[in-house]
Amino acid sequence: MLKHLITLGTLCATGALHAQGSAPAAAASASVSATQAAAPAGAFVIRPADAYDTSKLPDDHYGRLARYGKELTDRTFAYIGPEVKNTKMRFAGNNLACASCHQASATKKFAIPWVGAHATFPQYRAREDEVSTVEERINGCMERSMAGKKLPLDSREMKAFVTYMHFLSRDVPTGGKVEGQGLPPFKAPNRRADPAVGSTVYAEKCASCHGAEGAGLRAGAPGSATGYTFPPLWGKDSFNNGAGMSRLLFASSFIKTNMPQGTQYGQPQVTDDEAYDVAAFVLSHPRPVKAHLERDFPGRWNKPVDSAFPPYVDGAPADQHKYGPFGPLQDNMKALKDTLMKSSAK
Ligand code: HEC
Ligand code: HEC
């Protein structure tokens, strides 16, 4: 059967995770080369963990902010989570940490590392059909992955995130590429994903940490702002339905490459089929709802095929946008591209 190669370019709608995404023409087509996404020629190679040790920085303004940024990444729930004592500081809507997805303090290859993020922004983003700054991108995850609200641009927390990303991006040339940026290409099986099969995979390979009900394992009592030992995968303390992780192809790629915990790129512990079905099972459950998703991808022509919310500009059913098969949708989007581009240009 024909396997459709879903490259990162289509995964994140524009390849916006990468320098290649600055060319909007590369978006929505499967033509962005997988090798480029996996290991772009001359790309910066992420250094060993001790190169990103913020404790070695001097005790000056920059060092203190970079350290706070790393702390915010690992223990987001303790500073800006929904259970912190100071209600004015409750910016995140869930008790996840940025590092729940951006693993190893956002330094792990192919776990959406921030190494280089400071050098690749500003960049074109299909979700906004605009050039976004790194601050706007941070707030994108605040409003979606963290199901919360924007951090003020002049807040100490925003400055800390940006400073930490700047520190992680040292030596990456402006506009440069980083090997292992974003998530790797995922070969989606050309069929509808099967949440029922996924539930078996879940019980065998995921439930021991994330719990039979997907609620994770809290590190302390509810209300104590101590976050999770194992984060929840669905329900009211999870990412919302506008988050990148709520797209099936993104979730499949993340799970194949990084789960169960400890999995390294190139040594998957689940097959493509298992990743695809278990991701569908995870995403088949309720989660926080983001308002006004119809405003996402205003250009329409580069709306990713696995964005499971209306409008469905290609006329395909909602179920197919959520569970696939995605190959036919991608081919269809390619055929519709010129028409959609014309109508969005007016
Ligand atoms: C539930 C998982 C999840 C959590 C939690 C999360 N993110 Fe993300 N983040 C993603 C995904 C997936 C992407 C890439 C996909 C996309 O563009 O939507 C991303 C992309 C990013 C990027 C762009 C990286 C690049 O290389 O272009 C930044 C910056 C970022 N996130 C910051 C944050 C910050 C700051 C937090 C915590 C306040 C956070 N994220 C929490 C899933 C998450
Ligand atoms: C050994 C424990 C363990 C197992 C088994 C495991 N995970 Fe995870 N998972 C984690 C931890 C811990 C994190 C947070 C990131 C980190 O600290 O590395 C995480 C993060 C995640 C995330 C992103 C964060 C979030 O809350 O949404 C997803 C999605 C996920 N896991 C899915 C799965 C799936 C699907 C499986 C089964 C194939 C699985 N995990 C198996 C421990 C585990």
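Biologist: How many residues surround ligand 2, and which are the closest?

Modeller: Happy to start there! Keep in mind that this is a predicted model. To read a binding site, begin with the residues around the ligand. Here 24 residues surround ligand 2, and the closest are C206, C209, P231, P260 and Q261.

Biologist: Which helices supply residues of that shell?

Modeller: A good next step is to trace residues back to their helices. Helix 10 (207-210), helix 11 and helix 12 each supply at least two residues of the shell around ligand 2.

Biologist: And how do the residues of the shell around ligand 2 divide by class?

Modeller: There are 18 nonpolar residues, five polar ones and one charged one. You can also ask about domains: domain 1 (4-39 + 182-293) and domain 2 (47-179) each give at least three residues to the shell around ligand 2.

Biologist: Let's try the other ligand. How many residues surround ligand 1?

Modeller: We read it in the same order. Ligand 1 is surrounded by 26 residues, with C98, C101, C141, S145 and G244 the closest.

Biologist: Which helix gives the most to the shell around ligand 1?

Modeller: That is helix 7 (residues 134-143), with four residues. By class, the shell around ligand 1 has 18 nonpolar, seven polar and one charged residues. Its residues come from two domains, with at least three from each of domain 1 (4-39 + 182-293) and domain 2 (47-179).

Biologist: Now for helix packing. At what angle do helix 11 and helix 12 pack?

Modeller: For a pair of helices, look at the angle and then at the distance between axes. Helix 11 (residues 248-258) and helix 12 (residues 272-283) pack at about 125 degrees, and their axes are 8 Å apart. Because of that angle, helix 11 is oblique to helix 12. The crossing of helix 11 past helix 12 is right-handed.

Biologist: Which residues meet there?

Modeller: From helix 11, L248, A251, S252, I255 and K256 take part; they meet D272, A275, Y276, V278, A279, A280, V282 and L283 in helix 12. By class, this contact of helix 11 with helix 12 has ten nonpolar, one polar and two charged residues.

Biologist: How far apart are the axes of helix 9 and helix 12?

Modeller: The axes of helix 9 (residues 195-205) and helix 12 are 7 Å apart, and the angle is about 100 degrees. Helix 9 is therefore roughly perpendicular to helix 12. In this contact, residues of helix 9 including P195, V197 and Y202 meet residues of helix 12, among them E274, D277 and F281. The contact of helix 9 with helix 12 has seven nonpolar, two polar and two charged residues.

Conventions: Residues numbered from 1 in each chain as written. Chains lettered and ligands numbered in written order. Predicted model: local features only at pLDDT ≥ 70, side-chain atom pairs only at ≥ 80, totals over all residues. Axes fitted to C-alpha atoms, helices over the stretch in contact; angles between N-to-C directions. Parallel < 35°, antiparallel > 145°, perpendicular 65-115°, else oblique. Left-handed = near helix turned anticlockwise from the far one by under 90°. Contact = placed C-beta atoms within 7 Å. Nonpolar A, V, L, I, M, F, W, Y, C, P; charged D, E, K, R; others polar. Near = placed C-beta within 6 Å. Domains from an automatic or database assignment.
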